[in-house]
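Me: I should like to learn how to read a protein model, feature by feature. May we work through one together, with the general idea before each case?

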Amino acid sequence: MPIKLNNTKNSLNYNNLCKIIKKHNTPIWIYEWEIIKKKIKLLKQFDIIRYAQKACSNINILKLMKKTGLKIDAVSYGEIKRALISNFKPKKDEIIFTSDSIDEDTLNIITKKKITVNAGSTNILKIIGKKKKRHKIWLRINPGFGNGHNKKTNTGGVNSKHGIWDIKKALILIKKYKLKLIGLHMHIGSGANYNHLLKMCKSMIKNIIKVNIDIKSISTGGGLPIPYYYKEKEINIKEYFKIWNNTRNYIASYIGHNITLEIEPGRFLVAQSGLLITKVNIIKKINNKKFVLIDAGFNDLIRPCMYGSYHHISVLKSKNSERNKEKYIICGPLCESGDIFTQDPKGNIKSRKLPKIKKGDYLIFHDTGAYGSTMSSNYNTRPLIKEILFKKGKAYIIRNNQSIKNILKLEQNCKKIKF
């Protein structure tokens, strides 16, 4: 649940955030490594923790994760390069590439570096098989149903582009191209509905029995939720592991040998470690509504606009001061009507009760460590913003502000057009 800013037991507290604001311009991303470490420890009962770096892919955070023994999932050429720079070793199966399609550059790097592929389509098997026989493969199976906190985060079923439906066809291609099948991966979306989870585990067993295959590993996928609201319960990791471990043991008994159990968390490890600090530039009163315009837009944090996602918002103020609460609509500065941070999943604008806000105040968006910075863009020609990581109480800049000069350079360095 959202961190209380008067808690001095972690670095994301009022005093530290005020120091950051004095030294750096907003908006700015802040992370706490100790929180990520605690989350990693909660999953240590799984044989392999394979971090889904799309959630937060800063190479400085990846390097720290590598030192804790994590492996990594990459979903693009760029993420493969990030993993390699962060010292993950393909030969030790520390990098897996997961995708339903593949481009030429990615094909070349995975075959050259011998990076295992978690294939989400039979077409990938053909492409890899023609390029390099005996390549290591996982199969990402679509069980025919899905789940998610939003329909856009549902990764299973007939409305999802992800996963292989015809496992028999996939096995024919694996045999044809002499590919090495390592394991099965199944993921139905974000959130942890235990009824859906049990159904997915039964589907994993059913698929293995149906084709009588021999594998070394199974992957639970990711999608572990975190509590974005106060009083919302944390997921019961012991129960989650128990369900999957029972499935693993059943499959191992059927196959006749032990198999490893992987989990692929993204949000779960990093979401609660992150904050977005932003400054109030303008307050507009229109009829009976108060619009608070801040210096961060959906180009920085897109989740509320894209998914209607909730992030708790604090007004950074002295822990000893109290202000009466008022209703506000929190908006960004973009030339977009949808640049609203307080809206529901259907796109309806919602007011949020917050301590009285004035121009020049700072707002804190909580639980932004996942799908915050990594989903940022240059929309409205706005630069990517700075990232700072606290480790053992010390603040480190882990990404500098991008300059407008660097954005424009990509266009200015092209061959000149004759006007």
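Me: What is the phi of Lys114, just after H5?

Reply: In general, most residues other than glycine have a negative phi, and most peptide bonds are trans. In this predicted model, Lys114, just after helix H5, takes a positive phi of about 60°. Helices (H or I, at least four residues) and strands (E, at least two) are DSSP runs, numbered from the N terminus.

Me: Which other residues should I examine in this respect?

Reply: Arg134 has a positive phi of about 65° although it is not a glycine; Arg134 is in the loop between H6 and strand S6 (136–141). Asn287, also not a glycine, has a positive phi near 55° and lies in the loop between strand S10 (274–286) and strand S11 (289–294). As for peptide bonds, a cis bond with omega of about 0° joins Thr26 and Pro27. Pro27 belongs to the loop between H1 and strand S1 (28–32).

Me: Is Arg134 buried or exposed, and is Asn287 buried or exposed?

Reply: The general idea is a set of cut-offs: buried means under 20% relative accessible area, exposed over 50%, and partly exposed in between (1.4 Å probe, protein chains only). Arg134 is exposed because its relative accessible area is 51%. Asn287 has 73%, so Asn287 is exposed too.

Me: How should the numbering and the values be understood?

Reply: Residues are numbered from 1 along each chain as its sequence is written, and side-chain values use heavy atoms, with hydrogens and water left out. Because this is a predicted model, local features need pLDDT of at least 70 and side-chain atom pairs count only at pLDDT 80 or more, while totals for chains, interfaces and linings use all residues.

Me: What is the mean pLDDT of the protein, and where does pLDDT stay under 50?

Reply: pLDDT is the predictor's confidence in each residue, from 0 to 100. The mean for this protein is 92, and 93% of its residues reach 70 or more. Over residues 148–157 pLDDT stays under 50; for this stretch the model has 37 contacts (heavy atoms within 4.5 Å) beyond four places in sequence.

Me: Which residues of helix H5 are buried, and what covers them?

Reply: An α-helix has 3.6 residues a turn, so residues three or four places apart point the same way. In H5 (residues 104–113), the buried residues are Thr106, Leu107, Ile109, Ile110 and Thr111. Their cover includes helix H4 (77–85), strand S4 (95–99), strand S5 (116–119) and helix H6 (122–131). At the start of H5, a side-chain oxygen of Asp103 comes within 3.2 Å of the backbone nitrogen of Asp105. This is a polar contact: a pair of N or O atoms within 3.5 Å; within protein, one must be able to donate a hydrogen and the other to accept it, and residues adjacent in sequence count only if both atoms are side-chain atoms.

Me: What does Val117 touch?

Reply: Val117 is found in strand S5 and counts as buried because its relative accessible area is 0%. Not counting residues up to four places away in sequence, Val117 touches Phe97, Ile110, Ile124, Ile128, His135, Lys136, Ile137 and Trp138.

Me: How do the axes of H6 and helix H7 cross?

Reply: Two packed helices are described by the angle between their axes and the distance between the axes. Axes are lines fitted to C-alpha atoms, for helices over the stretch in contact, and angles run from 0 to 180 degrees between N-to-C directions. The axes of H6 and H7 (residues 167–176) come within 9 Å and cross at roughly 0°. H6 is therefore roughly parallel to H7, a term for angles under 35 degrees. Thr122, Leu125 and Lys126 in H6 meet Lys169, Ala170, Leu173 and Ile174 in H7.

Me: How many residues has the largest nonpolar core?

Reply: A nonpolar core is a set of buried Ala, Val, Leu, Ile, Met, Phe, Trp, Tyr and Cys residues joined through side-chain atoms within 4.5 Å. The largest here has 96 residues, and those with the most contacts inside it are Tyr51, Ile110, Leu139, Leu269 and Ile330. Its largest share, eight residues, comes from helix H9 (residues 237–255). Apart from this core lies another, of 16 residues, among them Leu12, Ile21, Ile364 and Phe390.

Notes:
Parallel < 35°, antiparallel > 145°, perpendicular 65-115°, else oblique.
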